[in-house]
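I set out to look up the empty spaces and the nonpolar surface of this structure. My entries follow.

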Amino acid sequence: MHRHFHLSRILVAPDAGGPSAAFNLAWEHHKFSLGSFDVDFTKKGSVWVMALYGFFWYLQKYTADQTLVQRYLVAKSDREALKGVALGALLCVPAWTLFMLIGTLVWAYYQLSGDLLPAHIDKPDKIFPHFLATRIPAGLAGLFMSSLFAAAMSMLSSDLNCLSVVGVEDYYRRLRPNSTDRQRLTMGKLIVAGCGIVSVFIAIVIAAYSERVLSFYFTVSSIIAGGLAGLFLLAFLSPRANREGAYIGIAFCLIFTTWATLTNGKAPAWNLGNYNFKLHPVMIGVLAHVVLLIAGYVGSWCFVAPEKISREMTLWGWLDRRKALQAALSSPQTEVIVKG
């Protein structure tokens, strides 16, 4: 079992039945199952819970994430931006499938090969790094780790750059409107350094106290991002929405998120008995989007309606412009101009 194999051959345990044995074992233990289809929003493995989480997570990701918004702004047209969104969404499916398949095959490898994990491997997230260090040839392991670090650094650099841009343009520049470009650049560097240090600290805490990093990430990201998609939908779908209504929606969202976070779990920080939030933790973020959307829309009717020009910034205004453009292109006058 200590011979050097190609990565794919190692993962399917060639000395213990080959690919068919690995996939059959994984199938028998329901490793390819999508989860429970029961309509129960309290279960960890519920398909509906994760589907709702995924829908709202990627909705806010593709509409409010600074790194993606910047890419929309450099697109040649709305059509090109939509193509980018569609391509990114479609590529998520095979990418996540391969990502999950590696974990499944690593599990099958240790089940079939008879290799024992050392005592210090006490968390599921430690198994794959141990596998890379002990079963992958040095050159291939180095190539894999360099690719992993390159992908991580690329993602982190984009996020840190966006944080510095937001911090400088939306806060520092407003607080110090007479600041020079050099001062803003220095502040941007300080923001990057500060956020980087905080990120390292958070990573250490997660590694020390979390059993499964991915599950923890799902929960935390759902709660922190709760409301962003709702705020976007409020602005994009409702011509009646206004600033005051948005503030009301944000306030209700924060109240709901605080209550649900503090009262959720087996040992809640704030135990209200029957009034605890009893759904799966990722549902906090899902419902936060809905709360902000509804509260913001209702609250907007309590204040003066915005100017009609606000409709141009909504979905309906975009559709109006598309209809007007199509009508102009199909008119006889346009055809004469094009032929001429």
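Entry 1, the enclosed space. I note at the start that the model is predicted. I looked up the lining of the largest cavity by class and found five nonpolar, four polar and no charged residues. The residues concerned are Tyr 53, Phe 56, Trp 57, Gln 60, Ser 222, Ala 225, Gly 285, Val 286 and His 289. I then asked which helix gives the most to this lining. Helix H3 does, with four residues. H3 (47–64) and helix H12 (282–300) each supply at least two of the lining residues. The space inside the largest cavity comes to about 40 Å³. My search of the whole structure gave one cavity of 30 Å³ or more.

Entry 2, the second largest pocket. I recorded about 810 Å³ of space for this pocket. Its lining has 23 residues, and those closest to the centre are Tyr 72, Asp 78, Leu 82, Phe 232 and Phe 236. By class I found 17 nonpolar, three polar and three charged residues in the lining. At least two lining residues come from each of H3, H4 (66–73), H5 (78–113), H10 (228–237) and H13. H10 provides the largest share, five residues.

Entry 3, the surface. I looked up a nonpolar surface patch and found one of about 480 Å², made by Val 290, Ile 294, Tyr 297, Val 298 and Trp 301. Where does Trp 301 lie? I placed Trp 301 in the loop between H12 and H13 (315–330).

Methods: Residues are numbered from 1 along each chain as its sequence is written. This is a predicted model: local features need pLDDT of at least 70, side-chain atom pairs count only at pLDDT 80 or more; totals for chains, interfaces and linings use all residues. Side-chain values use heavy atoms; hydrogens and water are left out. On a 1 Å grid over the protein atoms alone, a cavity is a set of points where a 1.4 Å probe fits but cannot get out, and a pocket is an open set with protein on both sides within 12 Å along at least five of seven lines; lining residues have an atom within 4 Å of a point. Grid points are joined across faces, edges and corners, and a volume is the space filled by probe spheres set on the points. Ala, Val, Leu, Ile, Met, Phe, Trp, Tyr, Cys and Pro count as nonpolar, Asp, Glu, Lys and Arg as charged, and the others, Gly among them, as polar. Patches are made of residues with over 30% relative accessible area and no salt bridge: like charges are joined within 9 Å, nonpolar side chains (Val, Leu, Ile, Met, Phe, Trp, Tyr) within 5 Å. Accessible areas come from the Shrake-Rupley method with a 1.4 Å probe; for residues, only the protein chains shown count as cover. A salt bridge is a side-chain nitrogen of Lys or Arg within 4 Å of a carboxyl oxygen of Asp or Glu.
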